[in-house]
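Q: Please take a close look at one part of this model, the backbone in the loops. What is unusual there, and what surrounds it?

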Amino acid sequence: MMRKLCLLAYYGIARFLPTQPVPGWRLGYWLRRKLVKRIFRFCGDNVLIKHGAYFGDGSEVRLGHNAQIGHNARLDHDVTIGNDVVMGPDVVLMSASHAFDDLSRPINQQGALPRRPIVIGNDVWLGTRVIVLPGVRIGDGAVIGAGSVVTRDVPARAIVAGAPARLIRERGARPAVADKVIDLDSARR
């Protein structure tokens, strides 16, 4: 019963409270954190749930310590998010999909495929508008570039981007010349 009341409070009020730097952001963060601790299967300490985040009934969501769910993020069932995960706005994590192989029936009559959990490791950065499809595992320390569509597993420390997401390089590896940061003051001399 308490879980249902927390869901009602989240979707009726807390989801719409502001996020930093809008006045009242501390209340928004505090209330969303308190509610999801009773909603999620597991919720770590020092988490941030930002304005507009949607996670259904949240019963199969696991959120690690010091992790965040970004503005307007949409999480499906069976999602595990590790510790220290940073998430940009409008991220979509979908663990369910529709069947579509039978050409004799409309897709909307073929039902859903079995859910395939999504697992996001520790110290991962999901950029703005990343989409992660069912069954994907993202390794520790990975970076997913903004707008990427992740259709398959991502190794630890990989930097991936694109639609579908492809390996750019590994974190800690020397960047290509085009990726180097240029000091404009020294470049003018």
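A: Strands here are DSSP runs of E with at least two residues, numbered from the N terminus. With that in hand, Asp 90 can be placed in the loop between S7 and strand S8 (92-93). The model is predicted. Asp 90 is not a glycine, yet its phi is positive, about 65°. Most residues other than glycine have a negative phi, and most peptide bonds are trans. Asp 90 counts as partly exposed because its relative accessibility is 25%, and that class runs between the 20% limit for buried and the 50% limit for exposed.

Asp 84 also has a positive phi, near 60°, without being a glycine. Asp 84 sits in the loop between S6 and strand S7 (86-87). With a relative accessibility of 38%, Asp 84 is likewise partly exposed.

Next come the cis peptide bonds. One joins Gln 20 and Pro 21, with omega about 10°, and Pro 21 belongs to the loop between H1 and H2. Another runs from Ala 163 to Pro 164, with omega near 0°; Pro 164 is in the loop between S15 and strand S16 (166-170).

As for the surroundings, the protein has 3 helices and 16 strands. Its largest nonpolar core holds 40 residues, and Phe 40, Ile 69, Ile 81, Leu 93, Leu 126 and Ile 138 touch the most other members. Elements that give two or more residues to this core include helix H1 (2-12), helix H2 (25-39), strand S6 (79-81) and strand S15 (158-161). Beyond its sequence neighbours within four places, Phe 40 contacts residues including Ile 49, Phe 55 and Ile 69.

Key
Residues numbered from 1 in each chain as written. Predicted model: local features only at pLDDT ≥ 70, side-chain atom pairs only at ≥ 80, totals over all residues. Heavy atoms only, no water. Helix = DSSP H or I, 4+ residues; strand = E, 2+ residues; numbered from the N terminus. Core = buried A, V, L, I, M, F, W, Y, C linked by side-chain atoms within 4.5 Å. Buried < 20%, exposed > 50% of the residue type's maximum accessible area, 1.4 Å probe, protein only. Contact = heavy atoms within 4.5 Å.
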